[in-house]
Amino acid sequence: MTAGAGRDVSGAPGGGATGLVCPAWGGGMEGDASSGDARRALGHLVEAVLGSRGEANAVFDILAVLQSEDQEEIQEAVHACSRLFGALLARGELFVGQLPSEEMVLTGSRGANRKYKMWMRHRYHSCCNRLGELLAHSSFQVKELALSTLMKFVQLEGEHPLEKPKWEGNYLFPHQLFMLVVGGLLSPEEDRSLLLSQFREYLEHDDIRYHTMQAASDTVARVTDGRPEVPLTFWNNAFMLLSSVSLPHQEGTLSSFYVKHTELSDKWKVIHLKEHRKAFQQMWLRFLKHQLPLRVCKKVLVIMHDSILPHLAQPSLMIDFLTRAYDIGGAISLLALNGLFILIHKHNLEYPDFYRKLYGLLDPSVFHVKYRARFFHLADLFLSSSHLPAYLVAAFAKRLARLALTAPPEALLMVLPFICNLLRRHPACRVLMHRPRGPELDADPYDPAEEDPAQSRALESSLWELQALQQHYHPEVSKAASAINQALSVPEVSIAPLLEVTAFEIFERDLKKKGPGSVPLEFIPARGLLGRREDLCAQHFTLS
């Protein structure tokens with residue numbers, strides 16, 4: 001039944017009224033009436049409904065205004081509904097238990113008080129459904145007001161449940177109403193980012209966060225079920241909601257509840273962080289099992305290592321998603337490295353051909369991608385072990401040296417110390433710089449097209465590229481490449497300050513350099529145009 005539909009409810013108790021028949025809305029809400037008139041008219045109706053059950057029909061007038069096309073009228077009607085049904089919930093005047101259909105309410109032989117509560121609860125449901133529709137209104141003010149009103153009803157319905165507890169101390173929460181809220185936030189048609197940012201304040205409460213994770217999981221499953229293609233808008237909305245959920249790091253009982261309780265029971269799942277972790281894990285696994293758009297996949301990978309993996313009950317369950325992302329290639333593979341590193345380093349994940357795939361990521365584009373700094377930071381960690389075979393380290397050093405020939409200066413200032421650090425960690429690779437009794441080579445034996453580092457023959461080659469870079473036009477690059485001319489120092493050079501260096505910073509640094517105070521000139525004064533008094537040019541040109 002729609003919010004403004006009229007219905008003869010003569011069987012409902014009226015406190016002396018012979019029937020509850022919905023009149024058409026009249027009075028001061030049409031024409032040129034001001035919002036002040038609307039507020040006063042709706043206020044009188046609310047007072048009438050709360051003051052006497054004989055005026056219960058006036059609730060139809062209030063609900064009818066929710067269907068208005070005027071933004072100010074809708075806002076006044078939402079305020080009126082908030083006041084009306086908030087009071088009815090607090091006073092316990094809505095039916096508690098399994099609600100029968102409205103037809104059964106009107107035709108049944110229940111008592112007047114019971115029938116009134118059932119009838120009014122149907123009006124409450126009509127109001128909530130309309131508020132859910134208003135989450136898609138064109139005005140953000142209406143959306144925001146509808147959201148805050150629905151969340152107020154969630155709080156009141158949680159404190160005054162409309163369902164009977166199955167046992168004493170049973171935890172009750174208005175799941176159906178909250179699903180309406182989350183479903184409205186995760187719209188497949190419209191970007192709800194602004195509304196989602198308003199919803200974040202509610203996620204600070206432990207109970208809302210817990211039920212948001214459950215409702216988001218169910219909504220993602222419902223929207224994607226049986227649909228061959230899900231709109232990008234839905235994935236963006238879903239990611240924004242999921243990424244807003246942040247769990248506490250410390251173990252312990254959770255007690256910051258939006259729905260107030262006189263006392264908390266240790267039997268409730270909602271107060272245990274362990275249960276929150278399970279719900280958090282289920283939420284992300286249901287989301288990531290789908291074929292996500294690449295832009296959404298990138299956003300997930302950016303926050304994977306610090307916002308998702310630390311809070312999962314079983315982080316190893318993310319291996320399927322991360323390996324799929326790592327196999328995509330390009331920037332997606334670079335971003336997947338972070339999560340894979342955590343699984344390998346902290347959770348003993350075995351990943352076959354990991355270094356072979358890492359080697360394959362080294363191409364000219366790696367110096368120009370947005371995530372260059374993160375990639376080389378992780379590559380430095382992966383290649384830091386002294387137990388790696390020499391041929392593998394030599395292959396990485398040689399591949400980087402070859403790519404350095406065409407790299408921009410800001411990347412070279414980081415790559416050259418990176419290569420030198422590899423040689424410091426693995427003395428067996430120093431033959432790439434100096435091979436005393438090595439054979440004369442007519443050509444470089446290194447095969448840059450070989451995908452397997454073990455077959456690239458890098459250890460048979462040399463780092464002649466670094467010697468070539470000593471003639472680079474930029475003096476800092478030339479100086480960095482000249483490090484191989486002397487014995488490498490024992491302590492490594494930290495590349496952390498060099499990871500974020502940009503071309504603009506280099507240019508600004510060069511501009512701030514102070515040149516010599518005076519430039520030395522020729523001490524013999526010029527006698528002619530070309531310096532000779534009897535020169536042919538001196539006969540035709542003079543210096544003035």
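Reader: Does N129 count as buried, exposed or partly exposed?

Author: Burial is graded by relative accessible area, computed with a 1.4 Å probe on protein chains only: under 20% is buried, over 50% is exposed, and anything in between is partly exposed. N129 has a relative accessibility of 44%, so it counts as partly exposed. This is a predicted model, in which local features need pLDDT of at least 70 and side-chain atom pairs count only at pLDDT 80 or more, while totals for chains, interfaces and linings use all residues. Residues are numbered from 1 along each chain as its sequence is written, and side-chain values use heavy atoms, leaving out hydrogens and water.

Reader: In which helix is N129 found?

Author: Helices here are DSSP runs of H or I with at least four residues, strands are runs of E with at least two, and both are numbered from the N terminus. N129 belongs to helix α5. Its C-alpha lies 7.8 Å from that of L180, although the two residues are 51 apart in sequence.

Reader: Which residues of helix α7 are buried?

Author: Helix α7 spans residues 175–185, and its buried residues are L177, F178, V181, V182, G184 and L185. The arc is taken from the directions that run from the helix axis to the C-beta atoms. These residues cover an arc of only 160°, which puts them on the same side of α7.

Reader: What covers the buried residues of α7?

Author: The cover includes α5 (112–134), α6 (140–159), α8 (193–199), α9 (206–224) and α10 (232–244).

Reader: With which residues is F199 in contact, leaving aside its neighbours within four places in sequence?

Author: Contact means heavy atoms within 4.5 Å. On that basis F199 touches L147, M151, F178, V181, L185, I208, T212 and L241.

Reader: How should the aromatic pairs be read, and how many does the structure hold?

Author: A pair of aromatic rings is described by the distance of the centres and the angle of the planes. Rings of Phe, Tyr and Trp (its six-membered ring) pair if their centres lie within 6.5 Å; planes under 30 degrees apart are stacked, over 60 edge-to-face, and the rest tilted. The structure holds 20 such pairs. One of them joins F178 and F199, a tilted pair with 6.4 Å between centres and 35° between planes. F178 lies in helix α7 and F199 in helix α8, so the pair ties together parts 21 residues apart in sequence. F199 also forms a tilted pair with Y202, at 5.9 Å centre to centre and 45° between the planes. F199 and Y202 are both buried. F173, F178, F199, Y202 and Y258 make up one aromatic cluster.

Reader: Which residues have the most contacts inside the largest nonpolar core?

Author: In soluble globular proteins, nonpolar side chains tend to be buried together. A nonpolar core is a set of buried Ala, Val, Leu, Ile, Met, Phe, Trp, Tyr and Cys residues joined through side-chain atoms within 4.5 Å. The largest one here has 165 residues, and F85, F199, W284, F287 and V300 have the most contacts inside it. Helix α18 (residues 409–425) supplies the largest share of this core, 11 residues.

Reader: How many disulfides does the structure hold?

Author: A disulfide is a pair of cysteine sulfur atoms within 2.5 Å. The structure holds zero. For C127, the closest cysteine sulfur is that of C81, 3.8 Å away and too far for a bond. C127 is buried, at 0% relative accessibility; C429 is also buried, at 1%.
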